[in-house]
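Q: I am new to this structure and would like a close look at one part of it. Could you walk me slowly through the place where protein and DNA meet, and then through the parts around it?

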There are 2 protein chains.
Amino acid sequence: MVANEKLPHPDREDIELTSVLFALSDEARLALVQQLKEGPMDMANCSALDPNAPKSTRSHQVKVLREAGVIISELHGRNRRLTLRRDDIDARFPGLLESVLRG
Amino acid sequence: MVANEKLPHPDREDIELTSVLFALSDEARLALVQQLKEGPMDMANCSALDPNAPKSTRSHQVKVLREAGVIISELHGRNRRLTLRRDDIDARFPGLLESVLRG
DNA sequence: CAAACAGTTCAACTATTATCGAACTATGGT
DNA sequence: ACCATAGTTCGATAATAGTTGAACTGTTTG
């Protein structure tokens with residue numbers, strides 16, 4: 001049981017294809033996912049999230065990916081650690097992530 | 001050389017991933033693409049395009065898919081024949097269409 | 001050639017998304 | 001305890017997307 005997690009994430013079976021496609025249909029969000037394919041990363045260290053943009057904007061971009069079920073955002077110290085939900089997406093839509101991440 | 005074709009379609013190399021993902025991120029458009037995977041079909045016969053919706057709305061839905069490079073819309077008699085650009089999408093983003101159409 | 005058919009295009013409107021500052025929350029460090 | 005860090009949330013505004021009727025284009029049929 002991970003204690004400090006209050007932001008909602010959809011269960012694997014509730015991840016919807018159209019929501020995932022929409023979340024990935026934005027350049028900035030796609031770039032973030034590209035970066036996360038290498039492994040989890042703290043939000044503060046993600047260069048894909050333009051550091052010049054206000055943090056409310058960055059938070060929003062992450063929220064769209066989280067609510068679509070593409071990433072997990074969990075508290076890690078005073079940072080948010082972002083993790084690509086590779087297993088969940090692969091289980092639900094086999095091959096999708098691979099083809100998107102290659103493109 | 002097909003004569004009667006005035007609507008613009010992007011060349012294969014100009015098809016953008018984010019545009020394709022966006023076009024497919026809508027239930028109605030995704031349903032249409034699902035229907036077209038069986039083969040080309042006249043717009044008038046596509047049950048995926050809600051026949052109760054006004055034709056301007058149906059035309060718009062088709063336009064988004066065409067401009068993203070997902071389908072070809074060519075004049076065929078007085079209908080529009082819609083064809084999934086399977087080869088082009090497969091060449092550009094291998095595996096993407098397959099995983100989306102399975103989902 | 002006129003009428004019907006199958007759409008496209010345009011303009012106005014509605015609805016959904018994105019951006020951003022400001023106030024707020026939680027954690028870690030001193 | 002206090003302050004800095006790293007975000008979230010809210011509310012307003014801007015930008016983008018979708019819906020629709022009306023007018024228009026091109027094609028077949030009578």
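A: Let's begin with a single contact. An N or O atom in the side chain of Ser56(A) is 3.2 Å from a base nitrogen of DNA strand C. Please keep in mind that this is a predicted model.

From chain B, Lys55(B) also reaches a base of this strand: one of its polar side-chain atoms lies 2.8 Å from a base nitrogen of DNA strand C. Arg78(B) makes its contact through the backbone, where a polar atom is 2.9 Å from a sugar or linking oxygen of DNA strand C. Both chains take part, since H3 of chain A, along with H3 and E3 of chain B, are the elements that give two or more residues to the surface near DNA strand C. H3(A) supplies the largest share, five residues.

Stepping back, DNA strand C is surrounded by 21 residues, and the closest are Arg29(A), Ala44(B), Lys55(B), Ser59(B) and Arg78(B). That surface has six nonpolar, nine polar and six charged residues. On the DNA side, 66% of the strand C atoms within 4 Å of the protein belong to sugar or phosphate, and the rest belong to bases.

Now turn to the other strand. DNA strand D is surrounded by 21 residues, with Ala44(A), Lys55(A), Ser59(A), Asn79(A) and Arg29(B) the closest. Here 65% of the DNA atoms within 4 Å of the protein are from sugar or phosphate, and the rest are from bases. By class, the surface near DNA strand D has six nonpolar, nine polar and six charged residues.

Three contacts help to picture strand D. A polar backbone atom of Ala44(A) is 2.8 Å from a phosphate oxygen. Thr57(B) has a polar side-chain atom 3.3 Å from a phosphate oxygen of the strand. A base is reached by Arg78(B), whose side chain has an N or O atom 3.4 Å from a base oxygen of DNA strand D. Helix H3 (55-68) and strand E3 (79-84) of chain A, and helix H3 (55-68) of chain B, each supply at least two residues of this surface. H3(B) gives the most, with four residues.

Strand E3 of chain A is worth following further. Its side chains alternate: Arg80(A), Leu82(A) and Leu84(A) point to one face and are buried, while Asn79(A), Arg81(A) and Thr83(A) point to the other and are not. In a regular strand, side chains alternate between the two faces of the sheet. E3(A) runs antiparallel to strand E2 (residues 71-76) of chain A, and six bridges join them. Within this pairing, His76(A) is the bridge partner of Asn79(A). Two residues lie between the strands of this hairpin, where Gly77(A) takes a positive phi near 65°. Strand E1 (residues 41-42) of chain A is also antiparallel to E3(A), joined to it by two bridges, and Asp42(A) has Arg81(A) as its bridge partner.

In chain B, E3(B) has a covered face made of Arg80(B), Leu82(B) and Leu84(B), and an uncovered one made of Asn79(B), Arg81(B) and Thr83(B). Six bridges pair E3(B) with strand E2 (residues 71-76) of chain B in the antiparallel sense, and two bridges pair E3(B) with strand E1 (residues 41-42) in the antiparallel sense. Leu82(B) stands opposite Ser73(B) and also opposite Met41(B).

Just past E3(B) is Arg85(B), in the loop between strand E3 (79-84) and helix H4 (86-92) of chain B. Arg85(B) is charged by class, yet buried, with a relative accessible area of 7%. Its side chain has a polar atom 2.9 Å from the backbone oxygen of Pro10(B), and a polar contact of 3.0 Å joins the side chains of Arg85(B) and Asp88(B). Beyond residues up to four places away in sequence, Arg85(B) touches several others, among them His9(B), Ile15(B) and Val70(B).

Val70(B) leads us into the interior. The largest nonpolar core has 53 residues, and those that touch the most other members are Leu24(A), Val70(A), Leu96(A), Leu24(B), Val70(B) and Leu96(B). Apart from neighbours within four places in sequence, Val70(A) is in contact with residues including Val20(A), Leu24(A), Leu65(A), Leu84(A) and Ile89(A).

Terms used
Residues are numbered from 1 along each chain as its sequence is written. Chains are lettered from A and ligands numbered from 1 in the order in which they are written. This is a predicted model: local features need pLDDT of at least 70, side-chain atom pairs count only at pLDDT 80 or more; totals for chains, interfaces and linings use all residues. Side-chain values use heavy atoms; hydrogens and water are left out. A residue is near a molecule or strand if one of its heavy atoms lies within 4 Å of it. A polar contact is a pair of N or O atoms within 3.5 Å; within protein, one must be able to donate a hydrogen and the other to accept it, and residues adjacent in sequence count only if both atoms are side-chain atoms. Buried means under 20% relative accessible area, exposed over 50%, partly exposed in between (1.4 Å probe, protein chains only). Two strands pair if DSSP finds at least two bridges between them. A nonpolar core is a set of buried Ala, Val, Leu, Ile, Met, Phe, Trp, Tyr and Cys residues joined through side-chain atoms within 4.5 Å. Contact means heavy atoms within 4.5 Å.
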